[in-house]
Amino acid sequence: VEAVHLIADGKAPRIPQPEEGATYEGIQKKENAEISWDQPAAALHNWIRGHDKVPGAWTTINDQMVTFYGSSLLDASVPAGQELTIKGASRPGLVTKNGLVVFGNDGKMVLVRNLQFEDGKMIPASKYFSADETTALELTEEEKKVAEDIR
């Protein structure tokens, strides 16, 4: 009550905050968000989820920084998928139809739904091995005519 009265009367003490240590810079930095693979699956999931979207938890795959987004714990049998070697992981990940399955040191699994590469390109994790495939757009004769009319 006394403090409220001092403020209302304009007599409350004013102590300026020191500017030392003050920053508008985000606390989380990309270099501090690297995934440490020697952890149980729950800790990996929490690390990935805690860094989703900024700055993004990352690891090295094929000598490239890859950021993981959209993780969930996977409580099922090991799904079928194509193996993916991840630097520092004791066991390769699996690219499945639902995403990338990674393993904690307890043998439990985490499902990662999206991956982002160093160039900024983001893909569904399930498309990792087909990411480099490009398909040419082929137009029918009717579509070619429409394209010509638009030009």
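This report describes the annotated domain, the nonpolar cores and two residues of a predicted model.

**Domain**

The unreviewed UniProt entry annotates residues 29–130 as "domain: Formyl transferase C-terminal". Across residues 29–130, helix accounts for 10% and strand for 39%. The C-alpha atoms at the two ends of this span are 30 Å apart.

**Nonpolar cores**

In the largest nonpolar core there are 21 residues. Phe68, Leu100, Val102, Val112 and Leu115 have the most contacts inside this core. The elements in the table each contribute at least two of its residues.

| Element | Residues |
|---|---|
| Helix 2 | 41–50 |
| Strand 1 | 57–61 |
| Strand 2 | 64–74 |
| Strand 5 | 99–103 |
| Strand 6 | 109–117 |

Strand 6 gives the largest share of this core, 4 residues. Another core, of 5 residues, lies apart from the largest one; Leu94, Val101, Met109 and Leu111 are among its members. In soluble globular proteins, nonpolar side chains tend to be buried together.

**Phe68 and Thr60**

Leaving out residues up to four places away in sequence, Phe68 touches Ile35, Trp37, Ile48, Ala57, Thr59, Ile61, Leu100, Val102, Val112, Asn114 and Leu115. Four of the residues with the most contacts inside the largest core, Leu100, Val102, Val112 and Leu115, are thus listed beside Phe68 itself.

Thr60 is found in strand 1. Its relative accessible area is 15%, under the 20% cut-off, so Thr60 counts as buried. With residues up to four places away in sequence not counted, Thr60 touches Ile86 and Lys87.

Methods:
Residues numbered from 1 in each chain as written. Predicted model: local features only at pLDDT ≥ 70, side-chain atom pairs only at ≥ 80, totals over all residues. Heavy atoms only, no water. Core = buried A, V, L, I, M, F, W, Y, C linked by side-chain atoms within 4.5 Å. Buried < 20%, exposed > 50% of the residue type's maximum accessible area, 1.4 Å probe, protein only. Contact = heavy atoms within 4.5 Å. UniProt positions renumbered as here; feature names shortened; annotations may be inferred.
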